[in-house]
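Colleague: I am new to this one. Please show me the structure, and then I will ask about it piece by piece.

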Amino acid sequence: MSVYNEDPLWLKQSIQSILDQTFEDFEFIIVDDGSTNEENIKFIDKFKKLDSRIQVFRRKNYGLTKSLNYAISKSSGDIIFRQDSDDWSHKKRLQTQISYLNNNANIILLGLRPVFCQKDGKPLWISKLPLMHQDIVDSLKHMNPFCHGSVCFRKDLFYKAGKYDENIPVCQDYDLFWRISNLGKVENIDEPFYFLRKTGLSLSYVKALDQIFYDQ
């Protein structure tokens, strides 16, 4: 998770949703990407003291792409999970995705169909993303077929694909998905276990014009 001046209450819900997972054997790496919000910083420090699985790294503001590469470089696990700091996960999310990967060794990246929610957390609708590899590959030509925060992937294939391209400030996930889908099977699970908060402050909204440019 990369954090930069998130709403403290949203951040609290996001972090807590990971700590409450039924699958408990994980390390939780949080990169504070130069936050200046004192309440935000206190929340992170409080959670770190309460749960030894949390590791916090503080740096100046480099942006999401560099922060994600940095976070992954600090990880020791073979499977990487993403989580955005204003979203939250169902308590069975990690267990569901880990079990699927363990039972399907040929899958190298796995996402979920997210539930789009209002700022207050009220559910709106479940996204209809493609599920199977070929449908995903076909859809890459005209859309991003994954919810970035919902994905998990095998770390060795992430590095083989070339990591997130740090020359791309937005759509870094879309670019990665293109490259990693050429290395093996990628899928989405038809489980609404990731909750995506749609706000006017989201990166996809604030930098919409940049995303259009980098989609080309």
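**Surface, fold and chosen residues**

Modeller: The accessible surface of the protein is about 10900 Å², and carbon and sulfur atoms account for 51% of it. Please keep in mind that this is a predicted model.

Colleague: How many helices and strands are there in the protein, and what is its radius of gyration?

Modeller: The protein has 9 helices and 11 strands. For 216 residues the globule rule gives 17 Å, and the protein comes close to that, so it is as compact as a globular protein of that length. The C-alpha trace spans about 45 × 40 × 35 Å along its principal axes. The radius of gyration is 16 Å.

Colleague: What percentage of the contacts in the protein between residues at least 6 apart join residues at least 24 apart in sequence?

Modeller: Burial can be given alongside: 50% of the 216 residues count as buried. For the contacts between residues at least 6 apart in sequence, the share that joins residues at least 24 apart is 75%.

Colleague: How far apart are the centres of the positive and negative side chains?

Modeller: There are 29 positive and 29 negative side chains in the protein. The distance between the centres of the two sets is 2 Å.

Colleague: Is Gln97 buried or exposed?

Modeller: Gln97 belongs to helix 4, which covers residues 93-103. Among the residues it touches are Phe81, Leu110, Val151 and Ile189. The cut-off for buried is under 20% relative accessible area. Gln97 has 0% relative accessibility, so it counts as buried.

Colleague: Which backbone oxygen does the side chain of Gln97 reach at 3.0 Å?

Modeller: One polar contact of the Gln97 side chain, at 2.8 Å, is with the side chain of Arg93. The backbone oxygen that the Gln97 side chain reaches at 3.0 Å is that of Ser150.

Colleague: Gln97 touches Gly111. How far is Gly111 from Val186 in space, C-alpha to C-alpha?

Modeller: Gly111 lies in strand 6, residues 107-112, and it is buried with a relative accessible area of 0%. Its contacts include Phe146, Glu187 and Asn188. Along the sequence, Gly111 and Val186 are 75 residues apart. In space, their C-alpha atoms are 8.3 Å apart.

Colleague: Where is Asn188 found, and which backbone oxygens lie 2.8 Å from a polar atom of its side chain?

Modeller: Asn188 is in strand 10, residues 185-189, and it is buried at a relative accessible area of 3%. Leu129, Leu131 and Ile136 are among the residues that Asn188 touches. A polar atom of its side chain lies 2.8 Å from the backbone oxygen of Pro130. The backbone oxygen of another residue also lies 2.8 Å from a polar atom of the Asn188 side chain, and that residue is Pro145.

Colleague: What separates the C-alpha atoms of Asn188 and Gln16?

Modeller: Along the chain, Asn188 and Gln16 are 172 residues apart. The separation of their C-alpha atoms is 24 Å.

Colleague: Which side chain makes a polar contact of 2.9 Å with the side chain of Ser85?

Modeller: Ser85 sits in the loop between strand 4 (79-81) and strand 5 (88-89). Its relative accessible area is 7%, so Ser85 is buried. The residues that Ser85 touches include Met1, Val3, Trp10 and Leu11. The side chain that joins that of Ser85 in a polar contact of 2.9 Å belongs to Glu6.

Colleague: What is phi of Lys163?

Modeller: Lys163 is in the loop between helix 6 (155-160) and helix 7 (172-180), and it is partly exposed, with a relative accessible area of 32%. Most residues other than glycine have a negative phi. Lys163 is not a glycine, yet its phi is positive, near 65°.

Colleague: Cys171 is also found in the loop between helix 6 and helix 7. Is Cys171 buried or exposed?

Modeller: Cys171 has a positive phi of about 60° although it is not a glycine. Buried means under 20% relative accessible area. The relative accessibility of Cys171 is 8%, so Cys171 counts as buried.

Methods:
Residues numbered from 1 in each chain as written. Predicted model: local features only at pLDDT ≥ 70, side-chain atom pairs only at ≥ 80, totals over all residues. Heavy atoms only, no water. Helix = DSSP H or I, 4+ residues; strand = E, 2+ residues; numbered from the N terminus. Buried < 20%, exposed > 50% of the residue type's maximum accessible area, 1.4 Å probe, protein only. Polar contact = N/O pair within 3.5 Å; in protein donor to acceptor, adjacent residues only side chain to side chain. Contact = heavy atoms within 4.5 Å. Rg over C-alpha atoms; globule rule 2.2 N^0.38 Å. Areas by Shrake-Rupley, 256 points an atom, 1.4 Å probe, with all protein chains shown as cover. Lys, Arg positive; Asp, Glu negative; His and termini not counted. Charge placed at Lys NZ, Arg CZ, Asp CG, Glu CD. Lists of a residue's contacts leave out its neighbours within four places in sequence.
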